[in-house]
Amino acid sequence: MPVTEALNTPWFFLTTATVLGLVVGSFLNVVIYRLPRMMEQAWHRECCEFLEQPAPTDPPLTLALPNSCCRSCGAAIKPWHNIPVVSYLTLGGKCANCHAAISLRYPIVELTTGLLLLAAALSFGASWELVGALVLIGSLVALTGIDIDTQLLPDSITLPLLWFGLLFNLFGVFTDLTSAVVGAMLGYLSLWSVYWLFKLITGKEGMGYGDFKLLAALGAWFGWQALPLIIILSSFVGAALGIALVVIKRQGRDVPMPFGPYLAGAGLLCLFYGDYLTQRYSEWVGL
């Protein structure tokens, strides 16, 4: 079957998109786990260099090396034990060697990415919008996992995401270029202003610079018109969950919470329902 004919076959196209999403999700698990450790390793080496101390002798960690292994026993993970979702189910959620429990996060990330790319394929078909959706979905899933674990939003993901948004909108894929550029500027400056206002009033830091860059990236993807909606959605969900944690778990109000996942969730809503939600928001505020 020719490739063009296969892509025009709905079941084949949607199945391919889902499988691709599962594979990307498997890679994102590696990114979520290793990227913060790569950053920590790089900071350690830079500190040693600055202090003129011997550099660590450990081999540099990358996304490709060393090969994946069990965190409990160190046994190498065989290729047939690394099939997204399927391997987790067939192994019963345990290591094939030592039978230690495998975190449920791995299949959740894989399945979430697969379902999101399936939704994108249903929404956009075979188009540049789908290519952009793959970049955006992968980046936001990775940033969500990393922020939950470490409360970091790495520049190595947020900044390329911003530039990719401008690149796609150079050709008007999601919005016009002017709206994208203004969205990137206002996205950064809006949270930057809130950060400094909060710090001047309370003397505390309410959020990190990574949040500014992520909102700037979302502004670059969807334009300045989507920013009020993204801020409202992420703030509402973040506040509701924060209150719930304080009440249910009696978590102190001073315990920091990652804001990146809420921005990412609002960004995904804009990807699939942005025009509809923006229209309803404009009608609600009387614009």
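At 48% relative accessibility, L170 counts as partly exposed in this predicted model. The residue is found in helix α6 and belongs to a nonpolar patch on the surface. Besides L170, the patch is formed by F164, L167, F171, L177, V181, M185, L189, W192, W196 and Y209, and its members together have about 1000 Å² of accessible area. Helices α6 and α7 each supply at least two residues of the patch. The largest share, six residues, comes from α7. In an α-helix there are 3.6 residues a turn, so residues three or four places apart point the same way.

The patch is part of a chain whose secondary structure comes to ten helices and zero strands. Read along the sequence, the pattern is accordingly a run of α elements, α-α-α-α-α-α-α-α-α-α. The chain has 287 residues, of which 37% count as buried. Its accessible surface comes to about 16700 Å², and carbon and sulfur atoms account for 68% of that area. Among contacts between residues at least 6 apart in sequence, 69% join residues at least 24 apart.

In the interior, the largest nonpolar core has 55 residues. Eight helices each supply at least two residues of this core: α2 (10-50), α4 (105-124), α5 (128-150), α6 (155-170), α7 (177-202), α8 (209-222), α9 (227-248) and α10 (260-285). Helices α6 and α7 thus appear among the contributors to the core as well as among those to the surface patch. Within the core, the residues with the most contacts are F222 and I230. These two residues also touch each other. Leaving aside residues up to four places away in sequence, the other residues that F222 touches are L136, T175, G267, C270 and L271.

Helix α8 spans residues 209-222, and F222 is therefore its last residue. The helix is mostly covered, with 13 of its 14 residues buried. At 1.5 Å a residue, the 14 residues of α8 should span 20 Å, and the end C-alpha atoms are indeed 20 Å apart, which agrees with the expected value. Just after α8, G223 takes a positive phi of about 90 degrees.

Charged pairs are few in number: a search of the whole structure finds two salt bridges. In one of them, the side chains of D149 and R105 meet at 2.5 Å, N to O. D149 lies in helix α5 and R105 in helix α4, so this pair ties together parts that are 44 residues apart in sequence. Both partners are partly exposed, with a relative accessible area of 44% for D149 and 27% for R105.

In the other salt bridge, the side chains of D155 and K213 meet at 2.8 Å, N to O. Here D155 lies in helix α6 and K213 in helix α8, so the pair ties together parts that are 58 residues apart in sequence. D155 is partly exposed, at a relative accessible area of 38%. Helix α6 thus holds D155 of this salt bridge and L170 of the nonpolar patch, while α8 holds K213.

Definitions and conventions. Residues are numbered from 1 along each chain as its sequence is written. This is a predicted model: local features need pLDDT of at least 70, side-chain atom pairs count only at pLDDT 80 or more; totals for chains, interfaces and linings use all residues. Side-chain values use heavy atoms; hydrogens and water are left out. A nonpolar core is a set of buried Ala, Val, Leu, Ile, Met, Phe, Trp, Tyr and Cys residues joined through side-chain atoms within 4.5 Å. Buried means under 20% relative accessible area, exposed over 50%, partly exposed in between (1.4 Å probe, protein chains only). Helices (H or I, at least four residues) and strands (E, at least two) are DSSP runs, numbered from the N terminus. Contact means heavy atoms within 4.5 Å. A salt bridge is a side-chain nitrogen of Lys or Arg within 4 Å of a carboxyl oxygen of Asp or Glu. Accessible areas come from the Shrake-Rupley method with a 1.4 Å probe; for residues, only the protein chains shown count as cover. The expected span of a helix is 1.5 Å times one less than its number of residues. Patches are made of residues with over 30% relative accessible area and no salt bridge: like charges are joined within 9 Å, nonpolar side chains (Val, Leu, Ile, Met, Phe, Trp, Tyr) within 5 Å.
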